[in-house]
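Here is a walk through one protein model, written for someone who would rather be at the bench. Have the sequence and the 3D view open as you read.

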Amino acid sequence: MRILLLCSSFNGLTQRAWLELRRAGHDVSVELAISERVMVEAAELVKPDLVICPFLKERVPEALWRGHRTVIIHPGPPGDRGPSSLDWAIAEGEREWGVTALQAVEEMDAGPIWGWRTFPMPSEPPRKSALYNGPVADAAVELVAEVAGKAADPLFTPTPLDYRSPAVTGRLRRPMRHADREFSWEQPAEEIVRVVRAADGAPGGRARLCELPVRVFDVHRGPDLAGTPGAVAARREGAVLVHTGQGTVWVGHLRLEAGAGQEGGGVKLPATMVLGERLAGVGERAGYSEITYERGEEVGVVSFDFYNGAMSTDQCRRLAAALRYAAAQDTRVLVVRGGEVFSNGIHLNVIEAARHPELEAWMNINAINAVCREIVRCTSQLVVTSIAGNAGAGGVMMGLGADRVIVREPVVLNPHYRTMGLFGSEFWTYVLPRRVGAQAAAELTGRALPVGAAEAVELGLADRVVGGSRQEFERRVVDYAHRLAQDPSYEALLAARRQAREADERRKPLDAYRAEELAEMSRDMFDDRNGFRAARRAFVGKARAQATPPHLAGHRELSGASGPAVAAASHM
């Protein structure tokens, strides 16, 4: 069928829906919901058999839903209505939640139902972003495929919403207000964790810390220490440990409220950067770590979990040191394991908030290059990259330096830099063509479109796709690493890795790739030849798109810059 995906942004869920539908053979177009007129004109241009809205904050125009079958993917069980569904589900401790596909009608979220999925909520309050990108996205992608199948059936009729039905378990919920997100440090730690996670990654919990009005993100239970609620007890790797009414919490990230009058205000940053000199005299304390190393008899695992996959200069330096240490051990296989998001490359928020952003960007790219170098140059062990979460830009390239790249089934990779106005580094001009060939490397970086896990294996970006939950995936990767360590051909495999690295180094030194990439990056970062500064500010400031981006649009068929730019799969 011809399907139009209408969305507020081409986020991870929308990308997965796009990939799923295209893989099923549908002709898929994408349009950002810039305005009602753009939405209507896009449908007039594409003439879709079906419009699907996998992530839409805006109301669907009447002219659109009356003229075209339009199905909205809502992050709540049947009957749930309102814009704060996931926030309330976490805040109220729901034991089960769901996703519903419903037809657009005049009243929001009240249309007839095409299908739904339910799933158990984690026992510990999840971060809203983790819930959305995990079980919600998994259920939504299944529903998108189901909706496409039902739309092809002329006998299918959606079921009207009926609150008397036992299957309809949801209800209308009001939008969550600022007051609902406020908390006091006098509350128990577990209550604070729930409030903050119901608002993470946006807009964050609201509180005052060190006499500053802040939004709070990225919280974790700390040890049971006695102390004055709201007092900072310790610091560690960018996070601060704060006393509560009962127990403590580690706070990883903060954002100053608007008008707080401090440099870096309005940007979500590591907590220690926001609090700055107010932490004078606060000491370090163990118990919080973004990077760990687990050493077994034959397999060593370096795990890192950076908030939203962004890697600052400091984080990159610590990770490079951990990799050097792990490579020096006498294990046979090294597993490099990312977190909820594997990596999205350099830390744009920290760069934007720096006194000299271009200099910080330069330091950051050199620091992440050092991480990639440790992976590529490790020839004392076989290296396995474990990618359980999405990856983008330099985060993808970082993983490609390993012998084996294993991705979890729902993972989406974005192996490109162009949308941020950068040439890219992380030795991508070496590791990407080595895996997929020069032509495919140029296409992947040039077209700037997402790649699903199955397609990644077909292209050679990855070696294996493994299903299951994140915990199951990580266990299976470690099991694979043990089998690799015990493989009768292990010594031959390791020798081949060394020989290939030596031959590649003779052909063209790794430092030559680095120098060429950095020469291009210096023009992007300091001369701003491709709009890196504006793209970075728009990303950090969450600026609303003014048009469907060119890499999605592919072509324009309506005259005038104000018309819709429709991304047709057949034209990409």
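## How far to trust it

This is a predicted model, and its average pLDDT is 94, with 95% of the residues scoring at least 70. The stretch to watch is residues 555-572, where the pLDDT is below 50. In the model that stretch still has 49 contacts beyond near neighbours in sequence. Where pLDDT is low, the predicted coordinates should not be read in detail.

## Cysteines without partners

How many disulfides does the model have? The count comes to zero. Take Cys 53: the closest cysteine sulfur to its own belongs to Cys 7, and the gap is 8.6 Å. A disulfide needs the two sulfurs within 2.5 Å, so that pair is too far apart for a bond. Cys 53 is also buried, at 1% relative accessible area.

Cys 316 tells a similar story. The closest cysteine sulfur sits in Cys 372, at 8.2 Å, which is too far for a bond. Is Cys 316 buried or exposed? With 0% relative accessibility, Cys 316 counts as buried.

## Helix H6 and the loop after it

Helix H6 covers residues 189-197, and its buried residues are Ala 189, Ile 192, Val 193, Val 195, Val 196 and Arg 197. What do they pack against? On the helix side, the partners are H4 (85-91) and H5 (128-151). On the strand side, they are E7 (205-209), E8 (212-221) and E11 (248-256).

Follow the chain on from H6 towards E7 and you get to a loop that holds Gly 201 and Pro 203. There is a cis peptide bond between Asp 200 and Gly 201, with omega about 5°. Another cis bond runs from Ala 202 to Pro 203, with omega near 5°.

## Positive phi outside glycine

Glu 211 is in the loop between E7 and E8. Its phi is positive, about 65°, although Glu 211 is not a glycine. Is Glu 211 buried or exposed? At 70% relative accessibility, Glu 211 counts as exposed, because the cut-off for exposed is over 50%.

Asn 308 also has a positive phi without being a glycine, here near 60°. You'll find Asn 308 in the loop that links strand E14 (299-304) to helix H8 (313-327). Its relative accessibility is 37%, so Asn 308 counts as partly exposed.

## Two loop residues, two settings

Phe 342 is in the loop between strand E15 (333-337) and helix H9 (348-353). Being in a loop doesn't put Phe 342 on the surface: its relative accessible area is 1%, so Phe 342 is buried. Which residues does Phe 342 touch, leaving aside those up to four places away in sequence? Among them are Phe 304, Val 336, Arg 337, Thr 385, Ile 387, Asn 390, Met 398 and Gly 399. For a sense of scale, the C-alpha atoms of Phe 342 and Lys 268 are 19 Å apart in space, with the two positions 74 residues apart in sequence numbering.

Now look at Asp 330, in the loop between H8 and E15. Asp 330 has 61% relative accessibility and so counts as exposed. From Asp 330 to Ala 462 is 26 Å, C-alpha to C-alpha, and the two are 132 residues apart along the chain.

## Cavities

How many cavities of 30 Å³ or more turn up in a search of the whole structure? The search finds two. The largest has a volume of about 40 Å³. Its lining is made of Ser 8, Leu 32, Ala 33, Ile 34, Glu 58, Arg 544 and Ala 545. By class, that lining has four nonpolar residues, one polar and two charged.

The second largest cavity holds about 30 Å³ of space. Pro 78, Gly 79, Asp 80, Thr 100, Leu 102, Asp 109, Gly 111, Ile 113 and Leu 161 line this one. These divide into four nonpolar, three polar and two charged residues.

How values were computed:
Residues numbered from 1 in each chain as written. Predicted model: local features only at pLDDT ≥ 70, side-chain atom pairs only at ≥ 80, totals over all residues. Heavy atoms only, no water. 1 Å grid on protein atoms, 1.4 Å probe; cavity = no way out; pocket = protein on both sides within 12 Å on 5 of 7 lines; lining within 4 Å. Points joined across faces, edges and corners; volume = space filled by probe spheres on them. Nonpolar A, V, L, I, M, F, W, Y, C, P; charged D, E, K, R; others polar. pLDDT = per-residue confidence, 0-100. Contact = heavy atoms within 4.5 Å. Buried < 20%, exposed > 50% of the residue type's maximum accessible area, 1.4 Å probe, protein only. Helix = DSSP H or I, 4+ residues; strand = E, 2+ residues; numbered from the N terminus.
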